[in-house]
Amino acid sequence: MRVRDAQAEDLAEILELTSAMRSQLATWSPVYFRPRAGADEAHAQFLEFAVGSPDQHASVFVHDGTVVGFFRLAKQPHHVWVDDLCLQNPLLWEGVAELLTGDLGSTRWVTCVSPHDSDRIDALSSVGATPISSYWNKLMDERPPEADTSQVAEASNIPEHRPDGPAHTFGGVAFDPAIPGSLVVSDERGNYAIGSPSVEPPIYDPGGPTCVVDQIGGPDRGVALNLAQSGASTRGDTQLVVVSASNDDELRKVLEAEEFHLQVVLLAK
């Protein structure tokens with residue numbers, strides 16, 4: 001097996017691989033990874049551009065002369081995101097993991113994996129990739145307890161010097177509370193949450209707009225999460241996604257208590 005640059009003549013195989021991957025993800029996560037209507041066509045248009053563009057890095061894995069896998073690289077500020085990583089046969093993951101690490105060399109890279117995809121996780125772990133973050137989701141029609149809005153403070157109460165948020169692939173940097181449309185909530189006790197503007201995912205359809213929160217801080221992060229849920233629900237978001245560092249056991253317990261569901265593990269090498 002070998003890895004090489006993707007070519008226009010590979011597109012039929014690439015589209016078959018990526019479509020099968022979306023179907024599998026939807027089986028594991030029927031809401032988070034539910035394909036949007038027209039997802040195959042939209043993704044096909046993007047991949048046709050990516051494969052034909054000198055500014056994109058799209059590659060295929062070839063085994064016995066047949067394209068059996070695909071990935072593309074997206075450069076982000078602190079890492080390279082290995083996106084659309086898919087494979088025809090799970091039995092090939094071990095060899096693919098070795099080829100991938102060899103192809104990327106010393107580059108720091110990350111990739112998103114479903115927690116249900118044990119074959120992929122085991123293979124990538126065997127070449128030194130480790131979990132650094134996780135993505136948790138909850139639908140906002142599952143109403144959170146009412147936040148104590150009597151103590152809600154202005155956005156200026158967000159600490160200027162706060163811890164960096166966990167790594168993620170939603171742009172690759174922590175969300176800036178000054179960006180118009182950002183979710184910014186806090187209270188007078190110093191609890192706060194910062195999230196993205198409302199967005200409709202281009203390929204997946206959770207049923208409406210999504211907000212991604214990557215910074216939850218303060219003396220009581222359960223309260224901070226409740227503020228984020230209330231803020232997202234009030235502005236009309238259907239889904240709230242929270243990014244948590246993999247070693248943040250405190251936040252994990254808070255998310256589980258609030259009935260958030262683990263959907264993605266971010267591995268880094």
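**Reading the sheet and a pocket**

Mentor: Val 213 stands opposite Val 242 in E10. This is a predicted model, in which local features need pLDDT of at least 70, side-chain atom pairs count only at pLDDT 80 or more, and totals for chains, interfaces and linings use all residues. Residues are numbered from 1 along each chain as its sequence is written, and side-chain values use heavy atoms, without hydrogens or water.

Trainee: What makes strand E9 and strand E10 a pair?

Mentor: Two strands pair if DSSP finds at least two bridges between them. Four bridges join E9 (residues 210-217) to E10 (residues 239-245), so the two count as paired, and they run parallel. Strands here are DSSP runs (E, at least two residues), numbered from the N terminus.

Trainee: Why are strand E1 and strand E7 said to stand at the edges?

Mentor: The open sheet has 11 strands in the order E1-E2-E3-E4-E5-E11-E6-E10-E9-E8-E7, with mixed pairing. E1 (2-5) and E7 (183-186) each have a single partner strand, so one side of each is left without a neighbour in the sheet.

Trainee: How do you know that the model is uncertain over residues 147-154?

Mentor: pLDDT is the predictor's confidence in each residue, from 0 to 100. Over residues 147-154 pLDDT stays under 50, whereas the chain has a mean of 92.

Trainee: What makes the lining of the second largest pocket mixed by class?

Mentor: Ala, Val, Leu, Ile, Met, Phe, Trp, Tyr, Cys and Pro count as nonpolar, Asp, Glu, Lys and Arg as charged, and the others, Gly among them, as polar. The lining has seven nonpolar, six polar and four charged residues, so each class is represented. A pocket is an open set of points on a 1 Å grid over the protein atoms alone, where a 1.4 Å probe fits, with protein on both sides within 12 Å along at least five of seven lines; lining residues have an atom within 4 Å of a point.

Definitions and conventions. Contact = heavy atoms within 4.5 Å.
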